[in-house]
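The exercises below ask you to read a structure step by step, with a worked solution after each task. Try each task on the coordinates before reading on.

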Amino acid sequence: MRFMIIVKANASTEAGVMPDESLFAAMGDYNQQLADAGVLLDGAGLKPTSQGWRIRYEGEERRVVDGPFTETRELIAGYTLIEVRSREEAMEWSRRFPNPHGPGVSAEIEIRPLYEMDDFPPSPALERMRDLQVP
Amino acid sequence: MREQADAAIAAVWRIESARIVATLARIVRDVGLAEELAQDALVAALETWGRDGIPERPGAWLVTCARNKAFDLLRRDRVLRAKLEQIGLDLEAREAASVPDFTDDLDAKRQDVIQDDLLRLIFTACHPVLSPDARLALTLKLLGGLSTAEIARAFLVPESTMAQRIVRAKRTLGEARVAFALPPPAELDQRLDTVLATVYLMFNEGYAATAGEDWMRPALVAEALRLGRVLAGLAPQEPEVHGLVALMELQASRMGARADAAGAPVLLLDQDRSRWDGVLIRRGLAALERAAGLGEAPGPYQLQAHIAACHARAHRAALTDWRRIAGLYAELARAQPSPVVELNRAVAVGMADGPAAGLLLAERLAQDGRLDGYHWLPSVRADLLLKLGRHQEARTEFERAAALTANARERALLLGKAHAAAQAGTA
């Protein structure tokens with residue numbers, strides 16, 4: 001099952017301040033651990049909302065709203081996508097996530113499970129796949 | 001509360017167990033004994049953590065505890081110690097002398113000695129003295145951290161059967177005096193093949209599972225993918241490792257599209273490609289690029305991954321590069337001769353150069369007799385004949401295929417096609 005570890009923004013990330021060397025190293029180590037364990041699928045840091053925009057739907061209208069946006073703690077600064085065998089395993093990996101804004105700095109990450117095939121209505125049993133053309 | 005703690009400990013175990021078993025196996029030179037000692041450490045963790053809570057660094061706690069148990073045993077058991085000193089020294093010496101390139105490659109990349117032990121553990125669990133079934137079970141147990149009950153569920157056998165299989169596998173390794181070591185260079189390619197075959201077998205056990213079956217079977221797909229990715233980190237210089245990872249990622253990317261709402265299988269060309277998993281496709285293509293970047297002539301896994309990639313790159317079935325696929329099947333047939341590969345090539349050639357060209361290849365296969373009794377051969381011939389407007393012959397071949405398949409749903413499908421061909425012939 002897949003989980004997304006979402007890093008919340010703060011004033012620094014919104015100002016486009018790059019993490020310092022030691023923070024880069026800590027994140028690098030953590031990502032290496034995920035990769036060594038075969039559970040890392042994807043991840044990226046996001047540029048500040050000043051470089052993004054929103055589309056707002058109002059009735060039949062859609063309106064472009066340029067960044068930056070103000071509710072800093074609700075904004076996203078990056079994500080890591082992992083695939084693990086249980087919710088508890090995701091919990092354990094998330095507990096090991098280094099403070100994304102550096103030691104001692106107030107920060108928050110949020111972990112959310114992704115919808116999976118199994119979450120959709122069950123279907124009758126499949127016949128064994130004998131698809132000659134796979135691969 | 002207690003249950004929650006146990007679930008959390010189980011998660012730590014899943015994450016750490018392979019590394020712990022690998023570390024202990026290096027110390028005691030016996031994967032069976034290493035696994036028992038690791039289990040003892042887990043029992044200790046369940047007691048201590050259940051009472052005091054999970055420590056800040058649970059992995060380190062488990063390793064320390066397990067190592068202490070191993071050293072206690074060595075202090076107590078003098079005979080074992082003497083034996084190990086003998087084997088251990090011999091091994092170290094032989095390994096250092098005989099596999100410089102492989103270990104050097106690893107050394108250059110390795111940040112932690114544990115990676116090396118993990119590789120040894122994989123080679124041991126997939127040792128050729130074991131049967132393929134035993135390799136699978138032991139790999140899931142030692143590398144996957146799965147319980148015997150979970151492995152038994154994955155293979156749809158009683159737990160006692162699986163427990164016996166694992167015990168026998170460990171005994172076989174002991175009796176054959178299999179060293180906890182990397183294979184010597186002369187055997188490396190072949191031993192790596194066995195490891196890759198084991199991982200791919202695990203993948204296919206899960207991939208072939210039906211939707212109604214126990215959830216542990218699809219979990220095999222995830223576990224095989226995970227092990228493949230781990231292996232790619234451990235042996236990054238081996239193109240076929242990346243080839244296998246690419247093949248598995250690309251095949252797994254289609255899992256959500258392989259069945260329709262009623263649960264009936266959907267053939268590749270009829271699948272809703274928007275349901276293919278973009279993350280896995282991207283990872284598969286990246287792994288394939290790594291494999292190709294190592295510059296050797298592509299092996300069978302890489303070739304199959306290239307074929308899967310041709311499908312993955314085609315956003316619509318009509319955009320499939322069949323000429324390239326036909327060429328890749330020809331290469332695959334040279335690398336790993338097989339009539340099934342030839343039949344696939346006939347299909348691809350039929351798509352690339354027209355049904356007459358495909359039929360020519362299929363006829364040649366029919367004459368050589370190696371695929372007698374295999375229902376896909378008449379089924380492929382029937383499809384090609386149908387495209388050529390030879391309806392009566394197509395009908396006969398569809399009926400022949402229907403008679404050969406053991407699968408009821410497939411038989412119904414083939415008989416339907418036979419009927420349709422007959423209708424078209426008289427129209």
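**Exercise 1.** Leaving aside neighbours within four places in sequence, find the residues with which B:Leu121 is in contact, then place B:Leu121 in the largest nonpolar core.

*Solution.* Start from the criterion that two residues are in contact if their C-beta atoms, placed from the backbone, lie within 7 Å. Applied to B:Leu121, and without its neighbours within four places in sequence, this gives B:Ala18, B:Val21, B:Ala22, B:Ala25, B:Val31, B:Leu142 and B:Leu143.

Before going further, note that this is a predicted model, in which local features need pLDDT of at least 70 and side-chain atom pairs count only at pLDDT 80 or more, while totals for chains, interfaces and linings use all residues. Residues are numbered from 1 along each chain as its sequence is written, and chains are lettered from A and ligands numbered from 1 in the order in which they are written.

Next, take the nonpolar core, a set of buried Ala, Val, Leu, Ile, Met, Phe, Trp, Tyr and Cys residues joined through C-beta atoms within 7 Å. A residue is buried if 20 or more other C-beta atoms lie within 10 Å of its own, exposed if 12 or fewer, and partly exposed in between. The largest such core has 130 residues, and B:Leu121 is among the members that touch the most others, together with A:Ile82, B:Val21, B:Leu24 and B:Ile122. Helix H1 (residues 2-28) of chain B contributes the most to this core, namely 14 residues; helices (H or I, at least four residues) and strands (E, at least two) are DSSP runs, numbered from the N terminus. In soluble globular proteins, nonpolar side chains tend to be buried together.

**Exercise 2.** Work out in which strand A:Ile5 is found, whether A:Ile5 counts as buried or exposed, and what A:Ile5 touches beyond four places in sequence.

*Solution.* A:Ile5 is found in strand E1 (residues 2-8) of chain A. A:Ile5 counts as buried because 20 C-beta neighbours lie inside 10 Å. Not counting residues up to four places away in sequence, A:Ile5 touches A:Tyr79, A:Thr80, A:Ile82, A:Ser94, A:Phe97, A:Ile109 and A:Ile111. As a further check on the fold, the C-alpha atoms of A:Ile5 and A:Leu114, which are 109 residues apart along the chain, are separated by 11 Å.

**Exercise 3.** Determine the strand order of the open sheet of four strands in chain A, and list bridge partners in E5(A).

*Solution.* Two strands pair if DSSP finds at least two bridges between them. The open sheet has the order E2-E5-E1-E6, with antiparallel pairing. Its edge strands, each of which pairs on one side only, are strand E2 (40-45) and strand E6 (109-113). From one strand to the next, the twist averages 15°, where axes are lines fitted to C-alpha atoms, for helices over the stretch in contact, and angles run from 0 to 180 degrees between N-to-C directions.

Now count along E5(A): five bridges join E2(A) to E5(A), whereas E1(A) and E5(A) pair over seven bridges. Among the partners in E5(A), A:Gly78 is matched with A:Gly45, A:Ile82 with A:Leu40, and A:Leu81 with A:Met4.

**Exercise 4.** Inspect the backbone at A:Pro68, B:Arg29 and B:Leu156, and locate each residue.

*Solution.* Most residues other than glycine have a negative phi, and most peptide bonds are trans. A cis peptide bond, with omega about 0°, joins A:Gly67 and A:Pro68, and A:Pro68 sits in the loop between strand E4 (61-66) and strand E5 (76-83) of chain A.

B:Arg29 is not a glycine, yet has a positive phi of about 55°; B:Arg29 lies in the loop between H1 and helix H2 (31-52) of chain B. B:Arg29 is partly exposed, because 19 other C-beta atoms are within 10 Å. B:Leu156 likewise has a positive phi, near 55°, in the loop between helix H8 (148-154) and helix H9 (159-175) of chain B. With 12 C-beta neighbours inside 10 Å, B:Leu156 counts as exposed.
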